[in-house]
Every structure is written in C-alpha cells, then in structure tokens.
Amino acid sequence: ALPGHLLRGLLPLLTVFHLERAEDAARRAGVSTQPIWRKLWDDVMKTRPPNSESITCWRKKFLETFFSNVLHGVLDVSSDWRLNDRHFSPLLHSSPHVSQLTLCNMLQGAVELTAKHNHKVLENLAGSLRILKFQHLLSCDQSVRRSLVLLLHRLIHHGSVSQVSMCSWPVPDTLLLVLILSMSAGFWRSGNALCYHSSPCGLCREEDKAQSQESAQEGAERGCTAEREGSSGENQKGSPEEAEARMNSVLSGPRSPPLRNPACEETSSEVPCDHTSIQGGSSPRSSSEQLSYHPVPRKTHRRLKPAVGRKCRCLRRSRARCADPEDLYDFVFTVAREDNSGLLDKTRSTEGENTENWTSSSPRSPCSGHAGCKKRGPAGIFSLKAAHRFRSVSTLELFSIPLTGETCRALSNLLSSWVSLENLVLSYNGLHANISCILSGLRALSRHPECRFRVLRVSDMFSHMPCMELVRCALSALPQLHTLSVSFDLKNHLEGSRPEENPSCSEAEIPESCLEVLEIRFPREPLHTMFLLPVLKAAKSLQQLSFDSATLPCPQELGLLLEVLKECTPNLKKLSFHDVNLAEHQKEVLLLLQDPGLQEITFSFCRLFESSTAEFLSEIINTVKRNSSLKSLKLPGNRLGNHRLVALADIFSEDSSSSLCQLDVSSNCIKPDGLLEFTKKLEGHIQQRGGQIPFTHLHLFRNWLDQDPETAQEALRRLKAVCSVVNDSWDSSQAFADYISVM
C-alpha cells in the first residue's frame, strides 16, 4: 500500500515478474504501468510494432510477443535483467495474456507446449487463446503430428480458440492440412481416441463420466415412473421377445445433432464397440441405464454425450493402438479416389485390422459431379460417421495455400455440417473450377437449421468465371450471407478455358438475400449493370457496396448504375470505387456526393481531376457543404496536390451545413507547405464558427511530407490540436525511384 508517487518511482526498478504482481496495486493507486511496458518493449524487442498507434495495452502486447519469441527460441531471457528472475517462468507467467499464437515451420512450438513440464502453460492457453495461426509449415514426422493433435484437441475441442488461420504453404502436406481442417471443424474419431501417455483425454473422460451419471440418474427416475404407471399389470404383459424388441427400439432412437457429440459409433467388424458393457467389467447395464438412451426432452444447452459404458472397449482398443505409432493417423479423414472400389484410405492401419471405408456414394454428399468439380460423377469425399464431434471454430482463413481437387472435396465435406462456422476466407488458393465444389459444401451447410455462416471472402490470381456470375452463384447458394467479397487479379490466362455455363446460377432467380456488404474486385472486366441488377434486387438490405478495378463499357453505364442503386438499395450507406476511371464522369460524381442516403463515399485512385477544371472542384466543395448526411469522404490517389487540398478546407466554412467527420487525402502529392496552408485556413474557419466543427479525422498516408520535415512537423502539430491525424514516415524519393524502375 505505497503512496502513488513512491510506487511510480519503484515500478521501473522491478523485474517483469514483480511488475506483474504489482499491477493491481498500481491500478488501485491510480498509477499507469503503460509507459514501463512500452519501454520494456523498446529495450527487449528492439522493433517498432505495426500499427503501434492503435495499441491500447502495452502490457498485453509485450507479454504476448514475449511468449511467442521465447517459444520459438528467438529471445534469450538472460539478455535483460528484468527478465532474468529465478521466480519468473517465461512461458507460464506470460501465457494468460496470449490471445493470438502463430506456429510455423516444423511445429516445434506444438511439441514444446504439449510436453509434460508445460501442462499448466497449455491449460492457461486453453482459456486465453482465441486465434491460432499456422505459417510456413513444413512436413514433419509422426511424433510432431502427435503433439499437434494433442494441442488442437486441447485448444479447440476443450479450449477457446475461435479462429484458425493458415498461410504461406506453397506445397502443403495433404495429410497434415486435412488433419488441421478436420480438427478445426470439431471432428474426432471416437473409435480411435488418441492417447496421452497411454491414457485418453482426461477432459473427455470427465465429461463422459458426468454424462453417464446424469443419464443413469434420469433413467432411474423414468424407470420408477414407468413401474408405478404399470402397476396395474396391463403394461407388463408380453413375451420376452416383445420386451427385447421394445428395448432395441429404445436403444436405436434418433441421434443428436452434429455438434452435440454423437455417441461412439464403430464400424470396424474385428473389434466391435460393446454397447452393453459398463466401465470396469462386461456385465449388462441395468434397466435404468438402458432407458437413459430413450429420446426425452432435455435442456437445450446440454450436449448429448455417450455414457462411459459405451466407450469401454473403444478405450481399450485405443490403448492398444497407441502402442504402435504407425496407427496415429487412423482418425484423419481422407478423401476417396474414384477408382473401381470408389475408396481411398491414405491413413495407416494395424496389420489385420479392417480399415474404415470412406464412401463417396452418400446421397448427402455436398459435392457430386457438378461443373465445378474436376472429376465427374460422385465426388470422392470422406465419411464422418465414425467421427466424434466436439467444439469447432467459427472462423477459418486459408491464405496462399494451393488446394487441389482432392483437398477441396475434403473441405467441402467438412463445410457441409460445420454449423458453428461464421466466416470463411479463401485467398490465393488456386481454386479455379473447384470454387463450385466449395460452394456446394456451403450450400449444404446453409440448409442446416443451426447454420450461422455469414461471411465469405474469396480472392485469387485468376478468375475461373466472370465475377458477377460467381456472385450470383454464391448468393443463390447462400441467401443468409451478410458479407460477400469476390476478388480476382486477372482473367483466366488459358484461352478457351472458361467453364461451361452453370444453369443453377445463370437461369435460376436469386432468392431474397440478407446481404449487407458486397465487395467485387474485377480483373479488368466491364461492369455491366444488367448483370448486377438481379443481385441488387435480391439484396434489399445492402448497406455497403464496393467496386474495384472495373471498367465502364460505355459513358452511360455509370448513370444507369446510379439509377439502379437508387431504386433497389434504399438502405445503402457506403459506396466505394477503387481504380475505376471516373475522369469523364463528373456529373455522376456530383450526383453521388449529393445523395442524402450515403454516409461514406470513396473515390480511390479514380483519376477524378485528370481532365477537370477548377469549376469541378468548386462544385464538389459546394455539394459536400450542402450535404448534411455525408460523414466520410475518401479521396486517396487522385492527385489533389497542394492547391486542391487548400481549397477543400472551405468544406468547413461558416456557411457550411456539412457533417463531414473524416477526410482521407492519402497518396495525393501533398507537400509540407500545402499542408501548413490547409491547416491555417482550417483554423480560420474554426474561429469563425466559434470553435465548433464536426471534423475529427484526417488521413495523410504516403504524401511528400519528408521534403521539408520542419514545416511538416509544424503543420502536424497545429492539425493535431484540431483533429486526429493519421500519417506515416513515408520515403517519397524511394517511392519515386520504385515508380520509375517499373515504368
């Protein structure tokens, strides 16, 4: 309980261990530890973190980065006296602050975290970790994969991880990739539960035991009720055969939904899972235990789990398998190959044991020979019947990972029942025709009553089909989408490789959609309003629309688009054009700026002033001054220069009714003297209006402010007294040299 001034002087002298322990005392005394953690970052990390302006807690930032660096062996704790404390366990004490973790290369971090001496560290991560990333992965041996499986099971199935991201994997190991995907989807082969030092997952055992006790208690209560109701003797009549038939009917009741841990289901004929045994012996269950399987109303928040007795022999079988490391991956869901048998098992199995068949003829197959699949006929997918399903993540991101047709079919099958999935990001995966396979799996998912899927983002180098056709396909398959982003760099580079028309997309009417955000990046394709019209008619709730790298096929096209937007999208709030040549569309630009429904307008690199006159700039300023609904105007990359920037200050003049809060003038060849003149003019308008203007944010990225640092600093200092300024230390000379080098 030291006074605040003494505590403030003492904190910089503490090690990280004692600084952590003093955090609560400092908070009670009203002393901030943020400057100390920031200095620790500068002294230990010796780098400037990205987006440092947005960091709100340097304590968390330091400890999270510190954990990652120690885990991957890039930081020596003996390098700084504040870290070198005999009471301080680097991984243990920093793990509660880790919400995002990246594993890379040979997955050494997974091996370290699953080691026995880091058991408590893993428990901490299970409660704190939200985002798990994999980057630059390489093939690894079986022991490493065993550690990865244990890690995923603890952090996802029994933890708090809600997002899995994988990036930069040029030649992915198919088995490892499908392993991560399937466990992220919550799947687990119940008949081959992994062992940790010859014992199954302790949390699974505890849950099963609790569920078994609950089921037995409920069954006993129902048994007593049935016995009282049947005391008249009427319900006791019948032969033993009829009684057995009734019991079999009870035991074969409907299964629980996909996310409610279906009971152990074995398909191996050699070692059957005995559903009549109890833990510790093979005697039959009591009648109360048997009755506990009857489908009765239950609280919806409870997950239905198998009783312990049903897993008894499964666990013994699991222990037997653990003796042979070759059987580690039997639970991995692999993809069927279209050969004579229609089966493919890439997993390894014990000699003499029947491997499970992965069938491709299921009528529920989400991907079955449509135009998008490279192979016609029933697509080879894996069966999930023997899978024990646990908690799964809500966000999946795959960046720069080539996905083959086989992997896409595996992913499609996982997606078809991944009801917890809300966000899917597929970026530069070389999907080509396989995008239809992915959409097929998502279509099956959308039919599930518990589906929560809302965001789909697809980007790639080459487009397999026109952007608008892909948008129509996605919305036809997923009417509940809230956000759809489609982005391609180039058209398909192979002549004559455009896909055959998909009747389900081109002919079927798009159902009414919940779409709120639509982003389209065209590979220099023309923007035809007639193709966009059905989409806009279906998306009555659209609030944000973005066009990138589109070409306008004729001068009237933009005007037609504005008419359609006004008619079909009454709720549109944000409209963005990026890299769309609007130099000859000044009339349409002014119409957009006076639209009373739009709150944010972006003209990014649209060559607005390429062939304009001074009158056009004046018309823009006067239009914005009269528009009281526009909150944000973004004009990056339009060559404003100094004189146009200074003119824009008149938006906030005394006679203005503008409510503009945010102005983005990044990449506009603005020099320090022009910025200073803009600042002075803005200060004059503020004084005329009695110090009250709505302007709060100015973005100045990538301008020529380094040409006169003193003038730039004065302008920025005065601007920051008026609004929040976001800029960077951009080297304009180097950028110009880069521009010349690629001309």
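1. Which helices and strands do the buried residues of H21 pack against? In this predicted model, helix H21 spans residues 586–593, and its buried residues are Glu588, Val589, Leu590, Leu592 and Leu593. These residues pack against two helices, H20 (557–568) and H22 (614–626), and against three strands, namely E12 (574–578), E13 (600–604) and E14 (632–634).

2. A reader who turns next to helix H25 (residues 709–719) will find that its buried residues are Thr711, Ala712, Ala715, Leu716 and Leu719. Because they cover an arc of only 130 degrees around the axis, they lie on the same side of H25. On the other side of this helix, Pro709, Glu710, Gln713 and Arg717 are exposed. As background to such a pattern, an α-helix has 3.6 residues a turn, so residues three or four places apart point the same way.

3. The buried residues of H25 have as their packing partners helix H24 (672–688), strand E16 (697–699) and strand E17 (724–726). One residue on the H24 side of this arrangement deserves a closer look: threonine 679, which lies in helix H24 and is buried, with a relative accessible area of 1%. Leaving aside residues up to four places away in sequence, threonine 679 touches Ala715, Arg718 and Leu719. Threonine 679 and alanine 715 are 36 residues apart in sequence, yet their C-alpha atoms are 6.4 Å apart in space.

4. How do helices H15 and H16 lie relative to each other? The axes of H15 (residues 405–415) and H16 (residues 435–446) come within 7 Å and cross at roughly 10 degrees, which means that H15 is roughly parallel to H16, since angles under 35 degrees count as roughly parallel. On the H15 side the contact is made by Cys408, Arg409, Leu411, Ser412 and Leu415, while H16 contributes Cys437, Ile438, Ser440, Gly441, Leu442 and Leu445. Sorted by class, the residues of this contact are seven nonpolar, three polar and one charged.

5. Helix H16 also has a contact with helix H17 (residues 467–477), where the two axes come within 9 Å and cross at roughly 25 degrees. This crossing makes H16 roughly parallel to H17. The residues involved are Ile435, Leu439, Arg443 and Ser446 of H16, together with Leu470, Cys473, Ala474 and Ala477 of H17. By class, the contact of H16 with H17 divides into six nonpolar residues, one polar and one charged.

6. Is glutamate 64 buried or exposed? This residue is found in helix H5 (residues 58–71), and glutamate 64 is buried, with a relative accessible area of 14%; the threshold for that term is a relative accessible area under 20%. Not counting residues up to four places away in sequence, glutamate 64 touches His97, Val98, Ser99 and Gln100.

7. A final point concerns the cysteines, for which a search of the whole structure finds zero disulfides. In the case of cysteine 104, the closest cysteine sulfur is that of cysteine 167, and because the two sulfurs are 9.8 Å apart, they are too far from each other for a bond; a disulfide would need the pair within 2.5 Å. Cysteine 467, for its part, is buried, with a relative accessible area of 0%.

Technical notes:
Residues numbered from 1 in each chain as written. Predicted model: local features only at pLDDT ≥ 70, side-chain atom pairs only at ≥ 80, totals over all residues. Heavy atoms only, no water. Axes fitted to C-alpha atoms, helices over the stretch in contact; angles between N-to-C directions. Helix = DSSP H or I, 4+ residues; strand = E, 2+ residues; numbered from the N terminus. Parallel < 35°, antiparallel > 145°, perpendicular 65-115°, else oblique. Contact = heavy atoms within 4.5 Å. Nonpolar A, V, L, I, M, F, W, Y, C, P; charged D, E, K, R; others polar. Buried < 20%, exposed > 50% of the residue type's maximum accessible area, 1.4 Å probe, protein only. Arc of directions from axis to C-beta.
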